[in-house]
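Colleague: I should like to learn how the features of such a model are read. May we take them one at a time?

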Amino acid sequence: MSDKTDITLTVNGTERTISCVPRKTLADALREDCRLTGTHVGCEHGVCGACTVMVNGAPVRSCLMFAVQAEGAEVRTVEGLAPEGGLSELQQAFIDNHALQCGFCTPGFLMLITGALEKDPGMSDEDLTEVLSSNLCRCTGYRNIVRAALAAAPAIRARAREAAA
Amino acid sequence: MQDQTTPPLPQDHNKPPRKSAYIGRAVTRLEDRPLVSGTGRFVGDMDMPHQLWARVVRSAHATGRITGIDISEALEMPGVVAVWTSKDLGDLPDIPFRATRIEGLGPYTQPCLAKGRVRYVGEPVAIVFAEDPYLAEDAAETVFADIDEDVDPILDARAEPGEFAPGISTAPLTLTKGYGDTEAAFAEAAHVVELDLAIGRHSGIPMETRGALAAWDKGRERLDLWGATKRPHWNRDRLAEMFGLSPSQVALHEPHVGGGFGIRGELYPEDILVCLAAMRLERPVKWIEDRREHMMAANQSREQQHLIRAAVDAEGRLLAIDETLHHDQGAYVRTHGARVADMSIGLLLGPYRVPAYAARAHYRLTAKTPAATYRAPSRFESTFVRERLIDAIAARTGIDALELRRRNFIASDEMPFDRQMTALESDVILDSGDYVGLLGKAEAFCGLDALRTEAAGRRARGECVGVGLAYFVEKSGLGPSELVRLTVQPDGSIEIVTGAASLGQGMETAVAQIAADTLGADYRACRVIHGDTDRIAHGWGAHASRVTVMTGEATRRAAETVREKAREMAAALLDCAPEGIEIDGGVATCRTSGASLTLAEIAAALDPVSPRRGDREPGLAAEAWYHNKHMNYPYGAHIALVVVDAETGRTKLDRYWISYDVGRAVNPAMIEGQIVGGLAQGLGGALLEEFRFDDQGQPLSVTFADYLMPTSAEMPDCQVQILQDAPSPLNPLGVKGSGEAGVTGSGAAIASAIDDALQRPGLVTRLPVTPQYLKARIAEYDAARAEGSE
C-alpha cells in the first residue's frame, strides 16, 4: 500500500512525472506533488465540488479519483485557466459580479462552469444554471455565481467553438 | 451591478464630485484576484520543512467511562512519531471561556483530550503524530479506546438533569432577565397566547474545514500558529497562559480563511494540541480536519426549546411576555460560555414595546457536540419564537398581523430606547430606528397586496402557496475597542493594520473604502493587514457584525489624522495655507495655485531623514482607537413566498424579499452579498439542515448526504432593499453591520408562509420544516383541530 508508483500526466499543458502511493487522490497529488494548491478539498466525499478539475476536457471531482487513474491524462486546474498574466472572462466575471466571498469554493465553480461549457458549447443558460447546483458555496447564496456564469458564458462558448472548428 | 450605488448623501453641488468618494459605492473587492486565480493561501496550502501531521482519535461513544486506551499498535507503525492520550498532557489546563459576569461554568470546560470520561461522539481521546497525513490516519485507526457506557446519554435539554461529573449537575445555571410586573399583566389580559416552539441543531459549516499549522522556534522560544482566526489576540493570550509563556512569545497569523460564520477560529482542542506538539516534538505540526470530523467536532448551535406566553389587551397590545428557554449546550462549555442563551432572552423582544417581561434560560449540558455561536446566534432562534408569537396573537385576536406589529412597534421618537436589560455584557439600548417606516417600505418593495392576491389565486387553483413576513432587530458593532495604524508608504501605497480579522466577508475592501474616502486616495492603493498579532498590539477580531463599525471608525479617525498631516506638509512644500489644500485621488492640490504633490511625495518629505520634514513627527502615518460601549441595532423585514408540495411535504421558496436598514451602506454590493448569502444559510436552517442523533447519541448527520445544505437549486429569486433611514448616532459614519441580517428573519418568515400556504395558522412550531416533520405535524394539527384544541 505504501509503495510509490510513477505517474506521468499533463497538468495545465506541462507534462509532469510524480511519484505517489496508489491510494493517493488526484486532489492530494495535485496539491502536494504538483504544488498546485488552488484545487481545494472541501468534503472528500464528492458532494461539495470544491476540488473540481478538468480531466481530458470534462469536469471531475478530484477527491473521488486516484492520482494513478490520471496516468496519461490531460488535467486542467484553476491555475491553468488564465492567459499569461491575465484572467479568463469567467474569473473577471466572478470579480465584477461579487460572485465570491471567502473564495474557497471558487476554483471548483470556475472549473465546473468552464468545463461544462467547453464540453457542450451549445448548453442553454437554463442548463448551465442547473449545472451550478452540482457544487456547494456557503457564502454567496449563489445568486452572483449564476450572474457571473451567465455573463461569461458567451465568451467561453465562442472560444470553445473556435477551438473545435 | 457595478454601477449600483446607494442614494448620495447631501453634498455641496458647487464642487465637482470627488474621485475618492468610495463610501456608498459598489466597487469590486480587493480580495478577489488571488482567490479566482488559485493563488490564495489557506492553512491547508501551507507546509513547513520537516513538518509532522496530526490525526485525532475520536470517541465513538456518546457517554461513558474510559477504561483504557490501547495505543501500542499505532506506536509501532512506520512513520509514527508520537501518540498521546490525556495522561501525556501533564497539567495542561482545559480550554478557557471568555470571562463574563455569568458564573458557575468553571467545572464544565473541555480538556484537550478526554479525561476519565467521554461525553460526545467525536470527542478527542488521543492524537497521533506521523510523517504524512495518510500514515497518521492509518495509525489513528488502530487506536482503541475501551469505553464503559455506564449511564444513558442525556439528549434533551428538557430531560431530567444528570451528572456531568460526580456531584456536578448537567444543569449548571438558569439565567434570568426581566422587568415590570408580569403576573399582574397576565391577570388583567384580555388574551393569553402560549406557544411551545423548538429550533434544531445547525452549524455554520464553512466550505474550508478547520486547520492549524504550528511551529516552535526553540532557540528564540517563540510559537507561531496559522489557522485559528476570528479572535487572534484573545487566542494568543489564552495560548500563552496555557503554556506558561508571555504573549510576546506567541504569534497568530491569519492566512486566507474559507468562511467563518461564528464557528471558525475559536480555540478548539486541536489548536492547542498542535501547538503543544510543535513545542514538545520540536517540529512543525499540521492538522487539517476532514469533513466527517467537522460534522461531529466543530461548534454546533441553535438548538433551543422555548415555552413562550404573551399577555395581550383587547386591542392586541402586548402587556407582558413570559419566556422559558432550554438551551442544549452539548457536552462541554466552550469559549463563549453561556452567551447564546443569555442573548436569546436579552434580545428576544426585537422591535416591540413590552411593558413587562420575565424570562429564564435553562442552560443544560447534553451528550452532543458542544455548541457556541453560528451567524445570527440567538436572533435566528428568538426571531422565530417572537414572530410566531405575534402571528399567533393575530390569529387569536383577528387583528391583521401587520397592523398588530404596527400597534406594538417602539416608535422612532422613543429612540434611543433602553430595554433595561443586558446582552453580550452591554446594556441593550436600541440606538435608532423607524420600524413603522421600514415595514411600509418593505410592503411596497415586495408588493405585498399583489403577492397575497397571487397566493390566494394559486391556492384557489389547488396549489399550496403562501406569504409570510417576519420583522427583526439585529445587533452590530460590538466593542469594546479597535485600533488601526494607517501609513502612507513612500511608493504611495497605504497600509492599514488592524487587529480585526477576515473570514471572507470583504473587510479589506470595506476598510479600504473608508480609508481612501477619508484620506482622498484610490482604494486600490490600500493594503489591509489583519489577523496578525505580530503587526499590532491589540485587536478584537471578526464576529458580531462588528468590523465595518469598529475597524471602520478607527480607520476613519486614523485617515483623518493622516489627511491633516498631509495637508500641513503639502501646504509648507507648496507654500500655501493648509486650508487651501485639497486631497483627492492620491494627490494634494493647492486650490489657488493649482500646484500639486502626490501622497507618495508628501510621505517622502516626512521620511525621518528628509531635510524637508523640519520638526514634524517622522512618517505620514497615524494610529487611532475607537472605543464603543454600546452596540447598535439595525433592523429589517423578510418576506417569503413559498410553495408546499402537499403530497411530499416539501417546501420550496418561490420568491423572497429582504428590506434592511443598515444606517449607512459602505459597499452596497457587499451588503447584498452578505444578505443573500445569509439567506441561503437561513433557508438551510428553516427547511433542510439539522444535526440529528439516535437514542444512543450517535450522530446521524456526518456527511453532506445527511446534513443537507442549500444548493443553487434551492435558492429563490431574492430581492434586497438596502435602506439608510436610521444612521447610528453611535459612530460618525452612521454605519451598522450587515453580516447577519440575511439569516435572522428567515426561519420566522418561512414558517409563517408555510402556515399560510396550508391555511393552518400556527402550524409550524419547529425548525427545520423537513418534509417528514411537516407531514407529521399536519396530521397532528388536523387531529387536534377535529378535537377543537388547535
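Modeller: Let us begin with the vocabulary: helices (H or I, at least four residues) and strands (E, at least two) are DSSP runs, numbered from the N terminus. This is a predicted model, in which local features need pLDDT of at least 70 and side-chain atom pairs count only at pLDDT 80 or more, while totals for chains, interfaces and linings use all residues. Residues are numbered from 1 along each chain as its sequence is written, and chains are lettered from A and ligands numbered from 1 in the order in which they are written.

Colleague: Where is Pro480(B) found, and which residue does a cis peptide bond join to Pro480(B)?

Modeller: Pro480(B) lies in the loop between β20 (464-473) and β21 (481-488) of chain B. The cis bond links Gly479(B) to Pro480(B), with omega about 5°. A cis bond also runs from Leu767(B) to Pro768(B), where omega is near 0°; Pro768(B) sits in the loop between β31 (766-767) and α19 (771-787) of chain B.

Colleague: How many helices and strands does chain B have, and how is its compactness judged?

Modeller: Chain B has 19 helices and 31 strands. The radius of gyration is taken over C-alpha atoms, and the globule rule is 2.2 Å times the number of residues to the power 0.38. For chain B the radius is 28 Å, close to the 28 Å that the rule gives for 790 residues, so chain B is as compact as a globular protein of that length. Its C-alpha trace spans about 90 × 75 × 50 Å along the principal axes.

Colleague: What span should helix α12 (residues 448-460) of chain B have?

Modeller: The expected span of a helix is 1.5 Å times one less than its number of residues. The 13 residues of α12 of chain B should therefore span 18 Å, and the end C-alpha atoms are 18 Å apart, in agreement. Just after α12(B), Gly462(B) adopts a positive phi of about 105°.

Colleague: Which of the two, Arg302(B) or Gln759(B), is buried, and which is exposed?

Modeller: A residue is buried if 20 or more other C-beta atoms lie within 10 Å of its own, exposed if 12 or fewer, and partly exposed in between, with C-beta atoms placed from the backbone. Arg302(B) is buried, having 28 other C-beta atoms within 10 Å. Arg302(B) is not a glycine, yet has a positive phi of about 85°, and belongs to the loop between α7 (291-297) and β15 (304-312) of chain B. Gln759(B), by contrast, is exposed, with 11 C-beta neighbours inside 10 Å. Its phi is near 50°, again positive in a residue other than glycine. Over chain B, buried residues make up 57% of the 790 residues.

Colleague: How many residues of chain A are in contact with chain B?

Modeller: Two residues are in contact if their C-beta atoms, placed from the backbone, lie within 7 Å. By that criterion, 43 residues of chain A are in contact with 44 residues of chain B. On the chain A side, α2 (89-96), α3 (106-119) and α5 (143-164) each supply at least two residues.

Colleague: How is chain A divided into domains?

Modeller: Domain bounds come from an automatic or database domain assignment. Chain A is divided into domain 1 (5-80) and domain 2 (89-164), and the C-alpha centres of these domains lie 20 Å apart. Their contact takes 16 residues from domain 1 of chain A and 14 residues from domain 2 of chain A.
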